[in-house]
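Here is a friendly walk through one protein chain, from its overall layout down to a few individual side chains. Have the structure open beside you as you read.

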Amino acid sequence: TIELNETSFSNPALIFGTSVGELVQQLYKQARWQKLIRFISNSSIQQFGEENIIRSFQRSDFGYTLKLKSMSIIGDGCYLLNYQTTIFGTPGVLRMKVVIENDTAKIILKQINPTIQFDDSNDRTENPYFGC
């Protein structure tokens with residue numbers, strides 16, 4: 001007999017050897033929009049709409065270097081992933097809020113216009129960094 005093992009995506013820092021943010025970035029680079037939307041939170045989809053989120057990703061530049069540096073639990077089933085970025089040779093930080101929905105880690109979006117914004121932690125700067 002064949003034994004089946006179910007896989008849980010409840011750890012946002014380890015999905016197929018990568019993190020949910022890096023996985024979404026790879027789907028972005030491959031223009032696999034329907035797969036990408038599966039890793040966006042239900043609350044974000046309800047707030048912005050699936051097609052609007054996809055169009056915003058298509059307008060965004062999300063192809064820069066991204067590397068997970070830390071993860072912290074911020075609530076029941078919610079995490080904050082902190083990524084180191086390199087954009088045009090300049091290091092930076094990108095924060096993504098992630099929620100566990102049905103054993104899958106999904107990204108919570110803060111804003112989609114003009115481009116995807118994952119978090120508002122940099123809103124106080126003169127030129128806010130929108131994440132993409």
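## The chain as a whole

Of the 132 residues in the protein chain, 39% are buried. Please keep in mind that this is a predicted model. The chain holds 4 helices and 4 strands, and reading along the sequence gives the pattern α-α-α-α-β-β-β-β.

Contacts across the sequence are well represented here. Among contacts in the protein chain with a separation of 6 or more, 47% join residues that are 24 or more positions apart.

## The sheet

The strands form an open sheet of 4 strands in the order β1-β2-β3-β4, and the pairing is antiparallel. β1 (65–75) and β4 each have a single partner strand, so these two stand at the edges with one side left without a neighbour in the sheet. From one strand to the next, the twist averages 35°.

At one end of that order, β3 and β4 pair in the antiparallel sense over 5 bridges. One bridge to look for joins glutamate 101 to its partner in β4, threonine 104.

## Helix α1 across the sheet

How does α1 sit relative to the strands? α1 lies across β1, β2, β3 and β4, and runs at about 135° to β1. This helix is mostly covered, with 8 of its 10 residues buried. The buried residues are Val20, Gly21, Glu22, Leu23, Val24, Gln25, Leu27 and Tyr28, so you will find polar names such as Glu22 and Gln25 in the list along with Val20 and Leu23.

The buried residues of α1 pack against helices α2 and α4 as well as strands β1, β2, β3 and β4. After the helix comes alanine 31, which has a positive phi near 55°.

## The nonpolar core

The largest nonpolar core contains 29 residues, and those with the most contacts inside it are Ile53, Phe57, Phe62, Ile107, Leu109 and Phe118. Helices and strands both contribute: α1 (20–29), α2 (33–36), α4 (50–59), β2 (78–87), β3 (90–101) and β4 (104–108) each supply at least two residues of this core. Which element gives the largest share of this core? That is α1, with 5 residues.

## A buried salt bridge

Side chains of opposite charge can pair when their charged atoms come close. A search of the whole structure turns up 1 salt bridge. The partners are lysine 106 and glutamate 101, whose side chains meet at 3.9 Å, N to O.

Are these partners buried or exposed? Lysine 106 has 13% relative accessibility, so this residue counts as buried. Glutamate 101 is buried because its relative accessible area is 14%, and the cut-off for buried is under 20%. Glutamate 101 is thus worth a second look: it is the bridge partner of threonine 104 in β4 and it also meets lysine 106 in the salt bridge.

## Asparagine 82 in strand β2

Asparagine 82 has its place in strand β2. With a relative accessible area of 15%, asparagine 82 is buried. Its side chain makes a polar contact with the side chain of arginine 95, at 3.2 Å.

What else does asparagine 82 touch, not counting residues up to four places away in sequence? Lys67, Leu68, Lys69, Ser70, Leu94 and Arg95 make up its set of contacts. Lys67, Leu68, Lys69 and Ser70 fall within the range 65–75 of β1, while Leu94 and Arg95 fall within the range 90–101 of β3.

## Threonine 65 and isoleucine 87

Threonine 65 is found in strand β1. Its relative accessible area of 49% makes threonine 65 partly exposed. Leaving aside neighbours within four places in sequence, threonine 65 is in contact with Gln84, Thr85 and Thr86. The C-alpha atoms of threonine 65 and glutamine 84 are separated by 8.0 Å, and the two residues are 19 residues apart along the chain.

Isoleucine 87 sits in strand β2. At 22% relative accessibility, isoleucine 87 counts as partly exposed. Isoleucine 87 and tyrosine 64 are 23 residues apart in sequence, yet 5.7 Å apart in space, C-alpha to C-alpha.

Key. Residues are numbered from 1 along each chain as its sequence is written. This is a predicted model: local features need pLDDT of at least 70, side-chain atom pairs count only at pLDDT 80 or more; totals for chains, interfaces and linings use all residues. Side-chain values use heavy atoms; hydrogens and water are left out. A nonpolar core is a set of buried Ala, Val, Leu, Ile, Met, Phe, Trp, Tyr and Cys residues joined through side-chain atoms within 4.5 Å. Buried means under 20% relative accessible area, exposed over 50%, partly exposed in between (1.4 Å probe, protein chains only). Two strands pair if DSSP finds at least two bridges between them. Axes are lines fitted to C-alpha atoms, for helices over the stretch in contact, and angles run from 0 to 180 degrees between N-to-C directions. Contact means heavy atoms within 4.5 Å. A salt bridge is a side-chain nitrogen of Lys or Arg within 4 Å of a carboxyl oxygen of Asp or Glu. A polar contact is a pair of N or O atoms within 3.5 Å; within protein, one must be able to donate a hydrogen and the other to accept it, and residues adjacent in sequence count only if both atoms are side-chain atoms.
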